[in-house]
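Hi,

Here is the structure I promised to pass on. Have a look at it first, and then read my notes underneath.

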Amino acid sequence: MRPDVEAMKADIEQSVALLRRRLDWDAALRKLDELNARVEDPTLWDDPEQAQAVSRDRSRLEAQVNAVREMERGVEDAVMLADMADEEGDEEALEGARADLKAIKERAARAELEALLSGEADGNDAYLEVNSGAGGTESNDWAGMLLRMYTRWARAHGYEVEVEAEEGGEQAGIKSATIQVKGPNAYGWLKSESGVHRLVRISPYDAAAKRHTSFASIGVSPVVDDAIEIDINPSDVRTDTYRASGAGGQHINKTDSAVRLTHVPTNTVVACQAGRSQHQNREQAWKMLRARLYELELQKREAAAQALADAKTDIGWGHQIRSYVLQPYQMVKDLRTNVETSDTQGVLDGDLDAFMGAALAARVGETRGSTVD
């Protein structure tokens, strides 16, 4: 066996062994058998909410088990192909086997991190909110760049993205926007992105071509399942309606269809303008408010909640979680994990996995490398 092939095989086997331990493999198989039996029981569907919860648990566990089995089979097939190609001197086939092993290795690394997504709401969809900081056009443009970055990341990973609300900047970018990211573990991956993001660049809006520093904040909340009860006193919520702006045709600009809810005790504000009617936007805004308040409750249960809350209090110096430097050099650095890369364009195009993975691992006490290749 070629040394590089043997090394990749060993790395994958180590990752798969770790996944088996984290899943508690034998217990996971027994649990899956139990869930399969429950799903096949017709009486389960007498309670639709419970049936949906069981189905979700079954699907999630089945996906984890199947992923491990597929990686194990994939390694065996790729190594067998590599050995045959080596014996026959077929370099093209050998290169194909190497490519297969590399893909499996990358999948195993991601699966390792996904195995850490065991939080109460990690498997849920997510709301991601972008707000520009002080600085007018510069910060608005930066907020728009961040919205594009996260949208590209989400779509590259097969997530569906829906724009719930957006307020454009006067000259460029956005003042604020909220999107819903739909797909497995969306909240688990995105939750560590909450905080202030700092950009340093030569301003395209400055005729003197001076270097500017801009700030924008990201907030992430889980979409709350109907099974999770969030008690909100309606008298604590102020409702405002206003004329929506942005995409949507003539209708969206002629009626006060947009809805803004303010939870007065916590000063939590959500807005929705994506629907075609005030009723649709009001219903969605209440879902978003429940998600935001649920996220506040989750924060209270975590040791890092206070630091996260502090980071959101001021969109400016001293509170940023990540710096994006485009001038006088190229560097994106996460100030919590020290992960950094010089591929700034790749990051701004949505290549965020290394940063998210390191933050996730640090959150559960794991360790990862500090430099992105």
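Below is what I found in it, going from the cores to the sheet and then to a pair of helices.

Before anything else: this is a predicted model.

Let's start inside. The largest nonpolar core has 57 residues, and the members that touch the most others are Leu146, Tyr150, Leu190 and Tyr324. Helix H5 (residues 137-156) gives this core its largest share, eight residues. Try clicking on Leu190: beyond its neighbours within four places in sequence, Leu190 is in contact with Ala126, Leu128, Tyr150, Trp153, Val181, Val220 and Met356. There is also a second, separate core of 31 residues, with Leu32, Ala82, Ala93 and Ala111 among them.

Next, the sheet. It is open and antiparallel, with three strands in the order S6-S7-S8. S6 (237-242) and S8 (268-272) are at the edges with a single partner strand each, so one side of each has no neighbour in the sheet. From one strand to the next, the twist averages 15°. S7 (residues 258-263) is joined to S8 by five bridges, and His263 has Thr268 in S8 as its bridge partner.

Last, the helices. H2 (residues 25-40) packs against H3 (residues 48-88) with the axes 9 Å apart and at an angle of about 140°, so the two are oblique to each other. The crossing is left-handed. Residues making this contact include Trp25, Leu29, Leu32 and Leu35 of H2, and Val54, Leu61, Val65 and Val68 of H3. Leu32 is a nice one to pick out, as it also turned up in the second core.

Cheers

Note on methods. Residues numbered from 1 in each chain as written. Predicted model: local features only at pLDDT ≥ 70, side-chain atom pairs only at ≥ 80, totals over all residues. Heavy atoms only, no water. Core = buried A, V, L, I, M, F, W, Y, C linked by side-chain atoms within 4.5 Å. Buried < 20%, exposed > 50% of the residue type's maximum accessible area, 1.4 Å probe, protein only. Helix = DSSP H or I, 4+ residues; strand = E, 2+ residues; numbered from the N terminus. Contact = heavy atoms within 4.5 Å. Pairing = 2+ DSSP bridges. Axes fitted to C-alpha atoms, helices over the stretch in contact; angles between N-to-C directions. Parallel < 35°, antiparallel > 145°, perpendicular 65-115°, else oblique. Left-handed = near helix turned anticlockwise from the far one by under 90°.
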